[in-house]
Amino acid sequence: MRLYQNAENDAELRIHAFLAVMSCPTTDVLTKVRMMLSGEPVNQVGSFVWTYLENIKESASPLKQELASILDDAKLREDFNCDVRKFSRNIEKSFFSDYLNVGAQVCNKELSH
């Protein structure tokens with residue numbers, strides 16, 4: 001978490017640290033991430049984190065439903081809804097059928113330099 005929180009670190013290092021932290025996040029971690037996003041000075045990091053959290057909120061994945069419910073009421077700083085050709089972003093599309101008990105998820109992490 002410290003690597004992600006230190007704005008002086010390289011943006012790519014911070015994004016990878018963020019992804020490591022988000023592999024098993026707690027409510028406390030999500031609170032810290034949301035606080036960091038509200039004052040994030042680096043557009044590369046902010047746009048990636050913003051798209052990652054927005055994707056969780058919209059995910060159909062049963063594994064992400066608890067995270068989605070925590071983020072549901074969160075007003076994320078939309079300053080990072082940036083030009084996707086310039087800034088890093090996270091793309092996640094998912095589908096789940098309760099009837100068939102199957103689902104699919106596609107993720108793409110694009111880091112811009």
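Are Phe 18 and Phe 48 buried or exposed? Both residues are buried. The model behind this report is predicted.

**The chain as a whole**

The chain holds 5 helices and 2 strands. Read from the N terminus, its elements follow the order α-α-α-α-α-β-β. Some overall values come next.

| Property of the chain | Value |
|---|---|
| Share of the 113 residues that count as buried | 39% |
| Exposed area | about 6900 Å² |
| Share of the exposed area supplied by carbon and sulfur atoms | 52% |
| Share of contacts with a separation of 6 or more that join residues 24 or more positions apart | 60% |

**The core**

The largest nonpolar core has 23 residues. Within this core, Phe 18, Met 22 and Leu 53 touch the most other members. Four elements each give two or more residues: helix 2 (11–21), helix 3 (27–38), helix 4 (43–58) and helix 5 (65–71). Helix 4 gives the most, with 7 residues.

Which residues does Phe 18 touch, not counting those up to four places away in sequence? They are Tyr 4, Val 33, Phe 48, Val 49 and Tyr 52.

**The rings**

The chain has 4 aromatic pairs. In one of them, the ring centres of Phe 18 and Phe 48 lie 6.3 Å apart. Their planes stand at 85°, so this pair is edge-to-face; the cut-off for that class is over 60 degrees. Phe 18 belongs to helix 2 and Phe 48 to helix 4, so the pair ties together parts 30 residues apart in sequence. Ring pairs also link Tyr 4, Phe 18, Phe 48 and Tyr 52 into a cluster.

Methods
Residues numbered from 1 in each chain as written. Predicted model: local features only at pLDDT ≥ 70, side-chain atom pairs only at ≥ 80, totals over all residues. Heavy atoms only, no water. Core = buried A, V, L, I, M, F, W, Y, C linked by side-chain atoms within 4.5 Å. Buried < 20%, exposed > 50% of the residue type's maximum accessible area, 1.4 Å probe, protein only. Contact = heavy atoms within 4.5 Å. Areas by Shrake-Rupley, 256 points an atom, 1.4 Å probe, with all protein chains shown as cover. Phe/Tyr/Trp six-rings, centres within 6.5 Å; stacked < 30°, edge-to-face > 60°.
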